[in-house]
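Hi,

Here is the structure I promised to pass on, with some notes on what turned up in it. Have a look at it first, and then read on below.

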Amino acid sequence: MSHNTTADETGGLAGGDDGEQRGFEPVPQLNTTPSSRFLQVELELNVHLRQLRFTEPVRFTYNPLEYAWDTHRGYVQRYCRAGQTVLFLGMNPGPFGMAQTGVPFGEVKSVVDWLKITGEVGHPPEEHPKRPITGLACTRSEVSGARFWGFFRKLCGEPELFFRHCFVHNLCPLIFMSASGKNLTPPDLVASERDSLLALCDIALCQAVEALGVSMVIGVGKVAEQRARRALSGVNVRVEGIMHPSPRNPLANRGWEEVAKAKLTELGVMSLLNRMGTN
């Protein structure tokens with residue numbers, strides 16, 4: 001079931017095709033929950049992302065905020081809540097994580113077994129034969145996501161403790177692939193296309209931060225941290241960063257959890273996660 005939402009899903013969708021020039025419409029703050037405001041930001045971003053076109057090296061573009069909207073919305077409605085102060089920010093989906101589940105860092109076992117997310121996942125309009133979308137039935141593990149959510153599972157025990165103060169989001173919802181099926185990140189794109197994409201994502205991030213009311217954004221990896229600093233330079237929010245748990249990072253392979261724990265202790269986040277007496 002592909003989901004191309006342009007109609008009212010969360011109380012109205014503002015904006016039009018010329019949003020890149022004039023910015024997005026303000027997100028209504030009255031009589032709505034943080035989760036509905038956050039979803040509205042994402043829906044409007046989807047409207048503008050549909051106008052973009054990408055050339056070589058990009059051959060395939062997937063948007064899990066469309067074909068995996070059912071599971072993504074379930075994640076947001078379940079875990080996005082008032083009072084959260086910390087937003088962990090990834091860059092864009094991985095092929096066996098959010099691309100399959102609609103959840104940031106969404107390694108399937110973590111999403112199903114710990115976050116307890118259910119729902120239907122459809123398909124992008126065009127799929128690379130080497131990168132099929134099998135949704136919550138995907139048997140491949142996304143190492144970054146397994147490390148990320150596994151760390152907080154061991155730390156917090158139950159998702160409710162983590163999400164009492166924290167939420168997790170990606171700056172860019174799109175995943176890109178070359179003709180060979182190689183995963184491409186936004187820095188791999190043609191400069192003009194990357195700039196147009198990230199300009200839209202920056203606007204949406206500012207609106208998401210406003211909708212959530214968080215006081216700290218923690219970029220997961222240097223790229224996400226640097227982009228968040230740029231996008232949020234005029235916003236009253238603290239931007240920090242932690243090491244990315246990617247298996248391509250030799251330092252992460254030698255003990256990402258200890259590095260993350262030390263940094264989060266320094267930032268004062270560990271005390272939020274340990275407040276109920278977890279180890």
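Cysteine 172 is buried, with a relative accessible area of 0%. Please keep in mind that this is a predicted model, and the values below are computed from it.

You may wonder how many disulfides a search of the whole structure finds. The count is zero. Cysteine 172 has its nearest cysteine sulfur in cysteine 201, 4.2 Å away, and is in no disulfide. A pair of cysteine sulfur atoms has to lie within 2.5 Å to be called a disulfide, so 4.2 Å does not qualify.

Cysteine 156 is also without a partner: the closest cysteine sulfur, in cysteine 166, is 7.5 Å from its own, which is too far for a bond. Like cysteine 172, cysteine 156 is buried, here with a relative accessible area of 6%.

Now to the empty space. The structure holds one cavity of 30 Å³ or more, and the largest cavity contains about 50 Å³ of space. Which residues line the largest cavity? They are Glu42, Leu45, Leu65, Met98, His169, Asn170, Leu171, Cys172 and Pro173, so the buried cysteine 172 appears here again. Two elements each give two or more residues to this lining: helix H2 (34–49) and strand S3 (166–170). Sorted by class, the lining has six nonpolar residues, two polar ones and one charged one.

If you open the model, cysteine 172 would be a handy place to begin, as a buried residue that is also part of the cavity lining.

Best wishes

Conventions:
Residues numbered from 1 in each chain as written. Predicted model: local features only at pLDDT ≥ 70, side-chain atom pairs only at ≥ 80, totals over all residues. Heavy atoms only, no water. 1 Å grid on protein atoms, 1.4 Å probe; cavity = no way out; pocket = protein on both sides within 12 Å on 5 of 7 lines; lining within 4 Å. Points joined across faces, edges and corners; volume = space filled by probe spheres on them. Helix = DSSP H or I, 4+ residues; strand = E, 2+ residues; numbered from the N terminus. Nonpolar A, V, L, I, M, F, W, Y, C, P; charged D, E, K, R; others polar. Buried < 20%, exposed > 50% of the residue type's maximum accessible area, 1.4 Å probe, protein only.
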